[in-house]
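Work through the three exercises below with the model in view. Try each task before you read its solution.

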Amino acid sequence: MNSVEFPWLTAIIALPLVAALAIPIIPDKEGKTLRWYGLGVAIADFALMIYAFWSSYDFQSSTYQFIEKYSWVPQIGLNWSVAVDGLSMPLILLTGLINTLAIFAAWKVTNKPRLFYGLMLVMYSAQLGVFVAQDLLLFFLMWEIELVPVYLLISIWGGANRRYAATKFILYTAAASIFILVAGFAMAFSGDTVTFDIASLGMKQYPKAFELLVYAGFLIAFGVKLPIFPLHTWLPDAHGEASAPGSMILAGVLLKMGGYALIRFNIEMLPNAHVYFAPVLAILGVVNIVYGACCAFAQTNLKRRLAYSSIAHMGFVLIGLASYTELGISGAMLQMVSHGLIAASLFFLSGVTYERTHTLIMDKMGGIGKVMPRTFALYTAGAMASLALPGMSGFVGELMVFLGIATSDVYSSSFKVVVVLLSAVGVILTPIYLLSMLRQVFYGKQSEELHLDAVVADVKPRELFITACLLLPIIGIGLYPKLVTQTYDVKTVEVATHARQVLPVVARQQPTSLYSQIFTAPTLATTPIESLVNISK
């Protein structure tokens with residue numbers, strides 16, 4: 001482990017929060033000063049994290065860096081303990097980029113601008129806190145703080161059914177948070193010592209049944225946020241009613257919090273239980289992919305179709321995490337970063353088209369490609385990335401996941417064939433529903449309710465800049481994936497190695513079958529040393 005003298009992470013988290021507290025005293029009537037203020041704070045924070053990581057982060061180290069630990073509330077054992085490693089660093093940068101662009105996308109917000117930009121900055125700070133927290137109570141605190149701004153952003157600045165969508169979001173996510181608290185406290189009080197330090201919790205030894213229950217609790221909690229079928233139903237409603245900036249953050253950052261937590265808690269801290277749940281994750285991943293793709297076909301609302309597309313793409317993350325290979329886990333990380341960029345661009349462009357047409361129903365938007373050709377071109381680029389066109393980031397992430405599960409020596413051939421084939425069905429369906437979406441929206445039959453002459457204008461310079469800031473890294477990662485993979489490769493190798501170390505132990509405990517007969521059991525190759533031991537016996 002290494003640390004630095006300046007508290008970079010504390011500064012990165014505190015800057016948006018402190019700036020939000022100053023918003024009530026900023027003189028402004030129409031919101032023009034506030035939007036520049038919010039954007040300036042976001043850019044400054046993003047620049048601060050880039051400088052910190054560029055100057056002091058060691059890409060060849062898998063240990064925690066930028067370590068900061070201070071006693072905060074000693075009466076309850078709460079410490080301000082933050083650090084960063086290969087799992088969190090790329091997601092922190094993704095959070096900085098998406099939040100900055102989302103604030104820029106909210107340039108025309110005139111309804112309660114003080115509250116809006118204050119909530120955006122508080123949410124920005126809490127999201128960063130989730131990715132760097134090394135104390136379980138601190139992690140839970142940041143996780144909960146992030147929920148409130150999202151709820152308010154949907155319920156105040158959302159669509160016609162915004163209150164229903166916001167209420168459903170808060171009920172799902174708040175109920176899921178209870179599982180984090182219960183499972184976390186169970187781990188903290190297990191054994192002879194009581195600790196909330198995440199690293200210390202990972203080193204504790206837990207009884208098998210206890211570890212399985214804790215793993216299941218975390219899986220439910222983080223599965224809601226990812227989202228995993230059948231805990232996903234809040235997402236289409238939230239996306240359908242949220243404003244474009246809200247949807248950008250929902251798809252670009254919030255879903256990635258669930259994937260990050262699954263790696264940090266379920267795989268790193270509970271590797272023995274992961275042995276039993278890994279095939280469940282793979283199966284749930286396949287269900288997400290196929291179910292999400294099929295449901296996307298049935299959506300007439302543009303943003304709901306993209307929401308179900310996000311559910312399908314998160315299925316690849318689950319399969320990668322279940323693969324037990326360095327390539328698969330690396331692919332899951334790349335898929336999270338890639339999808340964050342792609343989904344943010346598509347939801348932003350959905351907001352652009354909504355501003356012109358005042359509808360999200362695709363049948364009522366036909367023919368707008370005639371008056372919005374540049375928007376159509378940008379939308380097409382985003383859709384091509386989403387359907388995993390070679391040369392774009394979506395292709396690399398999905399390919400790594402496929403190769404990771406296909407080359408895994410943990411699962412039997414029949415299990416891998418079923419997973420790969422069913423996942424491929426989802427991959428085939430994806431271009432169909434995305435291309436049909438483009439056809440309906442931009443070159444479909446013109447709706448009688450939509451007068452093209454009333455459509456104000458094509459994409460404007462500000463909107464073009466926001467989209468370019470998302471599409472350029474999408475293409476850059478697609479052409480040179482090492483731009484992202486080098487930030488976490490050392491860490492994903494460590495995670496995969498750590499997870500695989502417990503496989504032979506569990507296999508020896510259950511010599512007849514590692515999993516129940518529901519799953520095609522993995523075949524663990526016997527190492528030469530184990531063979532000699534067996535012969536000597």
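Two strands pair if DSSP finds at least two bridges between them. Keep in mind that this is a predicted model.

**Exercise 1. The hairpin**

Task: How many bridges join strand β1 to strand β2, and which residue in the turn has a positive phi?

Solution.
- Step 1: Find β1 at residues 65-73 and β2 at residues 78-84.
- Step 2: Count the links: 6 bridges join these strands, which run antiparallel.
- Step 3: Check one position: K69 is opposite S81 in β2.
- Step 4: Go to the turn. The hairpin of β1 and β2 has 4 residues between the strands. G77 has the positive phi, about 75 degrees.

**Exercise 2. Two helices**

Task: Describe how the axes of helices α8 and α11 cross.

Solution.
- Step 1: Locate α8 at residues 208-225 and α11 at residues 271-297.
- Step 2: Their axes come within 8 Å and cross at roughly 50 degrees. Therefore α8 is oblique to α11.
- Step 3: Add the hand: this crossing of α8 and α11 is right-handed.
- Step 4: List the contacts. Residues of α8, among them L212 and Y215, meet residues of α11, including Y276 and F277.
- Step 5: Sort the contact residues of α8 and α11: 9 are nonpolar, 2 polar and 2 charged.

**Exercise 3. An aromatic pair**

Task: Classify the ring pair of F139 and F265.

Solution.
- Step 1: Note the total: the model has 34 aromatic pairs.
- Step 2: The ring centres of F139 and F265 are 4.8 Å apart, and the planes stand at 50 degrees, so this pair is tilted.
- Step 3: Place the rings: F139 is in helix α5 and F265 in helix α10, so the pair ties together parts 126 residues apart in sequence.

Notes:
Residues are numbered from 1 along each chain as its sequence is written. This is a predicted model: local features need pLDDT of at least 70, side-chain atom pairs count only at pLDDT 80 or more; totals for chains, interfaces and linings use all residues. Side-chain values use heavy atoms; hydrogens and water are left out. Axes are lines fitted to C-alpha atoms, for helices over the stretch in contact, and angles run from 0 to 180 degrees between N-to-C directions. Angles under 35 degrees count as roughly parallel, over 145 as roughly antiparallel, 65 to 115 as roughly perpendicular and the rest as oblique. A crossing is left-handed if the near helix is turned anticlockwise from the far one by less than a right angle, and right-handed if clockwise. Contact means heavy atoms within 4.5 Å. Ala, Val, Leu, Ile, Met, Phe, Trp, Tyr, Cys and Pro count as nonpolar, Asp, Glu, Lys and Arg as charged, and the others, Gly among them, as polar. Rings of Phe, Tyr and Trp (its six-membered ring) pair if their centres lie within 6.5 Å; planes under 30 degrees apart count as stacked, over 60 as edge-to-face and the rest as tilted.
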